[in-house]
Amino acid sequence: MVGDVDLVFAARRGSVENVELIASRICENGVSTGLTDIRDQEGHTAMHWAASGGYVHVIRILAKYDPALVNALSLKPRTIDQTPLMWAAYSGKLDAVVALLECGAQLNAVESVMGYSALMFAIQFGHINVAHVLIDRFHANVDQRDFRGSTLLHFAALQGHYSIIHYLIQVYSVDVNASTRDGFIPIHLAALQGHLRAARVLISYGASVSICNEKGQNAIHIAREKHGVKFAKAIESCASRDPFQSHQIPGDFPKDILNRFRTRMKEGNFALRCPQILVYVFPIIVFVNYMVYLFILRDVSVRRYTLGFFYHLFILASIFAFCRILLSNPGFIPARSLDYVKSTLLQQSILPGEICWTCMNLKPMRSKHCALCNRCVDRFDHHCPYVGNCIGSNTDRAFVVYLCSVFGALSCALGLLFHLYFRSEIVYPFFSFELWNIMCISVCIVDTICLIGITPLLLQQCYLIVNDITVNESINMTRYNYFWDSHGRFYNPNDQGAFRNCLSFWYRRAARAVYYNEDGSPQTPNLNTKKDDNLVDTTNNSFTMDQSNRV
Ligand SMILES: [Zn+2]
Ligand SMILES: [Zn+2]
């Protein structure tokens, strides 16, 4: 026979069969106090653990046997009076939140330490989708405050969740300068924690850097005290000149290249404008290389005609690919309006986490907002300053061709130089020998440096294509939920095996077609690509994580 407390452990492991078995046995034995009194050593019920693990089936079974469990309060001093709904909210388990509320959980209950509600927990832990469902579907109060008088915006600012700041201000018009009892406004907290981006977003919505708290400190004072002069200057400069001040929604991206550069300079993120000049690196290197070829290497390539042929082939291919990337639309997703977000997206059960708050449109699964182009780019890989454009769904193939052909051209050029020097095929020039030598050696050095620089990039691209991951995804992997199953293990939903990944990279249709209807309206993105393994193997006893430490 198993003890009653095994119910808590079974719920913590998400074991549906065991929970059903133990709960039914306890209820058959006629325990009058119900399941609420069955707790682990720390004073948490089975429902708390089922909620934080997101085990929807377990939640429904427990609620069936004892409805009072849905609103059971924690007894542990540090987490006193926390409800299962709060645990589900801070763990970001949306399905569990919905299940608990449908089973009768109290939406606006607050715990006794700080006066936090489930919505406040969801926002503190950055779960914008949970927050949206709590507010929009279950009508949680957006004006609620904790015991210190902190608003929802304070929590978002404290943790640096800038998309939640966008969401709360744009959709629910919350007060950007609301003050706690001790005079802290949200931007004070962003400055306190060193969240520059959150501070910038707050400033762009009119947060004041001159309002002081009770100690007489404004946001800049706090920033200087906690994170030094440099950080304070950064906030100050945001306040004096904010590129997103007007919250203008980006227009259509110009087709012609001159206007495109002008648009980037005008709209793009100021700090990132400088690399624009790097776009000249490739044309200059090609020009210098070809001059050396014309004046020096041509005679070698007459004898080494295979090398000479491939040299030309690769140079032409790289110029073609360079122009193709530079001149094409990398897969920009058209910008919409706030009305569109409110009336269409938020009502179509599309969650705020999938919305770009600058473009006011849906972000398809593998897209990202490029700060330099100020547009969302479909299947965003990275913004490459050397080709002056984003690498997205429309330019990624050309980018691989570009890398390969530059690699080939550099190798051929170095091969010709090798024959020139080491095979003593020296051709005497019609100008001075010293100049000749300097030109050859400098081209040799530049080409070698470029080759060393480009080889890891090429290898990385090949590796990522074989595994069907973009550069952006490989860098920001932890940000994307679809890479992690419910146990936090890595899982790539796009991976179809190396061969098919390569095929689909080259032959796929624009990924955007998956997310947009013919008329340009968004389809509901498929969020169910995660492996559904809520039903954990009941023999797995290796669960050791203590989640109570996380609050
Ligand atoms: Zn965007
Ligand atoms: Zn870009």
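Buried residues make up 50% of the 551 residues in this chain. The model is a predicted one. The chain holds 22 helices and 7 strands. Among contacts between residues at least 6 apart in sequence, 69% join residues at least 24 apart.

**Exercise 1. The zinc site**

Task: Find which atoms coordinate the zinc ion (ligand 1), and work out the geometry of the site.

Solution.

Step 1. List the donors. They are Cys356 (SG), Cys359 (SG), His369 (ND1) and Cys376 (SG), at 1.9 to 2.3 Å from the zinc ion.

Step 2. Check the angles. Among the 4 donor atoms they run from 101 to 118°. Four donors count as tetrahedral if all angles lie between 85 and 135 degrees. The site of the zinc ion is therefore tetrahedral. The ideal angle for four tetrahedral donors is 109.5 degrees.

Step 3. Read the spacing along the chain. The donors follow C-x2-C-x9-H-x6-C.

Step 4. Place the two cysteines at the ends of that pattern. Cys356 lies in strand S2 (residues 355–356) and Cys376 in strand S5 (residues 375–377), so this pair ties together parts that are 20 residues apart in sequence.

Step 5. Check burial. Cys356 is buried, with a relative accessible area of 5%. Cys376 is buried too, at 1%.

**Exercise 2. The histidine donor**

Task: Locate His369 in the secondary structure and list what it touches. Is His369 buried or exposed?

Solution.

Step 1. Locate the residue. His369 lies in strand S4 (residues 368–370).

Step 2. Compare its accessibility with the cut-off. Buried means under 20% relative accessible area. His369 has 17%, so it counts as buried.

Step 3. List its contacts, not counting residues up to four places away in sequence. His369 touches Cys356, Thr358, Cys359, Asn374, Arg375 and Cys376. Cys356, Cys359 and Cys376 are also zinc donors.

**Exercise 3. Two crossing helices**

Task: Describe how helix H11 (residues 186–193) packs on helix H13 (residues 219–240).

Solution.

Step 1. Take distance and angle. The axes of H11 and H13 come within 8 Å and cross at roughly 70°.

Step 2. Name the arrangement. Angles of 65 to 115 degrees count as roughly perpendicular. H11 is therefore roughly perpendicular to H13.

Step 3. Pick out the contact residues. H11 supplies Ile187, His188, Ala190, Ala191, Leu192 and Gln193. H13 supplies Ala219, Ile222, Ala223, Lys226, His227, Phe231 and Ile235.

Step 4. Sort them. The residues of this contact divide into 9 nonpolar, 3 polar and 1 charged.

**Exercise 4. A covered helix**

Task: How many residues of helix H5 (residues 84–91) are buried? Find the helices they pack against.

Solution.

Step 1. Count. In H5, 8 of 8 residues are buried.

Step 2. Name them. They are Pro84, Leu85, Met86, Trp87, Ala88, Ala89, Tyr90 and Ser91.

Step 3. Find the partners. The buried residues of H5 pack against helix H3 (46–53), helix H6 (94–102), helix H7 (118–124) and helix H8 (128–137).

Step 4. Look at what follows. Gly92 comes after H5, and its phi is positive, near 75°.

**Exercise 5. The loop between S7 and H18**

Task: Describe the surroundings of Ser393 and Thr395.

Solution.

Step 1. Place both residues. Ser393 is in the loop between strand S7 (389–391) and helix H18 (396–422). Thr395 lies in the loop between S7 and H18 as well.

Step 2. Check burial. Ser393 is buried at 5% relative accessibility. Thr395 is buried at 0%.

Step 3. List contacts, leaving aside neighbours within four places in sequence. Ser393 is in contact with Pro330, Gly331, Asp378, Arg379 and Arg508. Thr395 touches Ile325, Ser328, Pro330 and Cys390.

Step 4. Take one pair further. Thr395 and Ile325 are 70 residues apart along the chain, yet their C-alpha atoms are separated by 5.6 Å.

**Exercise 6. Positive phi outside glycine**

Task: Examine the backbone of Arg379 and of Asp468.

Solution.

Step 1. Recall the rule. Most residues other than glycine have a negative phi.

Step 2. Read the values. Phi of Arg379 is near 45°. Phi of Asp468 is about 50°.

Step 3. Place the residues. Arg379 is in the loop between S5 and strand S6 (382–384). Asp468 is in the loop between helix H19 (433–467) and helix H20 (471–475).

Step 4. Check burial. Arg379 is buried at 7% relative accessibility, and Asp468 is buried at 9%.

Terms used. Residues are numbered from 1 along each chain as its sequence is written. Chains are lettered from A and ligands numbered from 1 in the order in which they are written. This is a predicted model: local features need pLDDT of at least 70, side-chain atom pairs count only at pLDDT 80 or more; totals for chains, interfaces and linings use all residues. Side-chain values use heavy atoms; hydrogens and water are left out. Donors are N, O and S atoms within 2.8 Å of the metal (3.2 Å for Na, K and Ca); water is not among the atoms, so sites may look incomplete. Four donors count as tetrahedral if all angles lie between 85 and 135 degrees; four count as square planar and six as octahedral if opposite donors are over 155 degrees apart and all others between 65 and 115; anything else is irregular. Helices (H or I, at least four residues) and strands (E, at least two) are DSSP runs, numbered from the N terminus. Buried means under 20% relative accessible area, exposed over 50%, partly exposed in between (1.4 Å probe, protein chains only). Axes are lines fitted to C-alpha atoms, for helices over the stretch in contact, and angles run from 0 to 180 degrees between N-to-C directions. Angles under 35 degrees count as roughly parallel, over 145 as roughly antiparallel, 65 to 115 as roughly perpendicular and the rest as oblique. Contact means heavy atoms within 4.5 Å. Ala, Val, Leu, Ile, Met, Phe, Trp, Tyr, Cys and Pro count as nonpolar, Asp, Glu, Lys and Arg as charged, and the others, Gly among them, as polar.
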